[in-house]
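Let's take a walk through this chain together. Have the sequence and the fold open side by side, and follow along as we go from one residue out to the whole.

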Amino acid sequence: MLCRVGQIRRCAASLSQTINQVAASRQKHTLPDLTYDYGALEPHISAEIMQLHHSKHHATYVNNLNVTEEKYHEALAKGDVTAQVALQPALRFNGGGHINHTIFWTNLSPNGGGEPQGELMEAIKRDFGSYQKMKEKISAATVAVQGSGWGWLGYDKESGRLRIAACANQDPLQGTTGLIPLLGIDVWEHAYYLQYKNVRPDYVKAIWNVINWENVSERLQSAKK
C-alpha cells in the first residue's frame, strides 16, 4: 500500500514537473517594436497617445495573455475543463487585444495617407463604388461603435470580396466574423481621448492621413493566397 502511495506521489511530481517544463519552454508573446517614432504620426496622432497606447496598453494585453495562456496550459494538462472554460473570456480579450494592435501599428505610417493603388483600389471600386464611398462607410461604422471597439476593412475569402465590419471590445475580426483583417481603426478612448477628447469623428477623420496603404495592399495579397 505504501509502495503504491509512493508511486502516485512520484507520478504527480513528475506530471507537475512536465507541466512546468512545457510552460517554461513555450514561446511567450512579446510587444512588437514600432517601425517609426512615437511622434512620427503627429499632428494626427500625438506622441503622448502613441507612447501610452503602445508601451502601456498593448504591453498590458501581451502580459495578461502570457499569464492566461500559462494558466490555460496548466488546466489543459490537468484535464480541468471548468478552468479552461473560465479562462476563455481572458484569452479572447487579451489575445484579441494583442492581435488587433499588432495589425494596427503596421496599418499606420508617417508616410501614409492619400489613396490606395493597384489591385486594392480596383477591389475597393468593385465592392464599394469608389474610394470615397468606402472611406465614408468605414468611418460611419467605426464612429458608430458603442462603447469600445474597432472598425475594420476585411477580406471575405469565400466570396473574394472586401467587407466592412465593426467588432466590440477587443474581439478579433477573423476569430469572430471569419473575415481576414486588412485595416483596423481602434476606437477605444485610449487611442484618441488625450487629443480629441470625446469627439470620436474628428479622430476617425484624422487617422486617414496616416493610413499605410502599402501594408493594407500586402495584407490583401496574403489573404488571397
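## Starting from one glycine

Let's begin with Gly154, which is buried, its relative accessible area being 0%. Keep in mind as you look around that this is a predicted model. Gly154 sits in strand E1, and over in E2 its bridge partner is Arg163. Who else is around it? Setting aside residues up to four places away in sequence, Gly154 touches Arg161, Leu162, Arg163, Leu173, Leu179, Ile180 and Leu182. Take Leu173 from that list: Gly154 and Leu173 are 19 residues apart in sequence, yet their C-alpha atoms lie 7.9 Å apart in space.

Now zoom out a little to the strand itself. E1 covers residues 149–156 and runs antiparallel to E2, with eight bridges joining the two. Another of the pairings to look for is Gly151, which stands opposite Ala166 in E2. Follow the chain from E1 to E2 and you go round a hairpin with four residues between the strands, where Gly160 takes a positive phi near 75°.

Bring in the third strand and you have an open sheet, ordered E2-E1-E3 and paired antiparallel. Strand E2 (161–168) and strand E3 (180–186) are at the edges with a single partner strand each, so each has one side without a neighbour in the sheet. Neighbouring strands here are turned against each other by 25° on average, ignoring direction.

What packs on this sheet? Helix H3, residues 81–107, does, touching E1 and E3, and its direction makes about 80° with that of E3. Helix H9, residues 213–223, lies across E1, E2 and E3 and runs at about 150° to E3.

Next, look at a pair of helices. H5 (residues 131–143) and H8 (residues 200–207) pack with their axes 10 Å apart, at an angle of about 145°. The crossing of H5 past H8 is right-handed. Where they meet, H5 brings Ser139, Thr142 and Val143, while H8 brings Arg200, Pro201 and Val204. Sorted by class, that contact has three nonpolar, two polar and one charged residues.

Now for the greasy part. The largest nonpolar core has 49 residues, and those with the most contacts inside it are Leu108, Leu162, Tyr203, Ile207, Trp208 and Trp213. Helix H4 (residues 118–128) gives this core its largest share, five residues. You've already met Leu162, as one of the residues that Gly154 touches.

Trp213 deserves a click too. Which residues does it reach, once neighbours within four places in sequence are left aside? Trp213 is in contact with Gly113, Gly114, Glu115, Pro116, Leu120, Tyr131, Met134, Leu183 and Trp208.

Finally, step back to the whole chain. There are nine helices and three strands, and reading along the sequence gives the pattern α-α-α-α-α-β-β-α-β-α-α-α. The chain has 225 residues, of which 43% count as buried. How far along the sequence do the contacts reach? Among contacts between residues at least 6 apart in sequence, 70% join residues at least 24 apart.

Technical notes:
Residues numbered from 1 in each chain as written. Predicted model: local features only at pLDDT ≥ 70, side-chain atom pairs only at ≥ 80, totals over all residues. Heavy atoms only, no water. Pairing = 2+ DSSP bridges. Axes fitted to C-alpha atoms, helices over the stretch in contact; angles between N-to-C directions. Contact = heavy atoms within 4.5 Å. Left-handed = near helix turned anticlockwise from the far one by under 90°. Nonpolar A, V, L, I, M, F, W, Y, C, P; charged D, E, K, R; others polar. Core = buried A, V, L, I, M, F, W, Y, C linked by side-chain atoms within 4.5 Å. Buried < 20%, exposed > 50% of the residue type's maximum accessible area, 1.4 Å probe, protein only.
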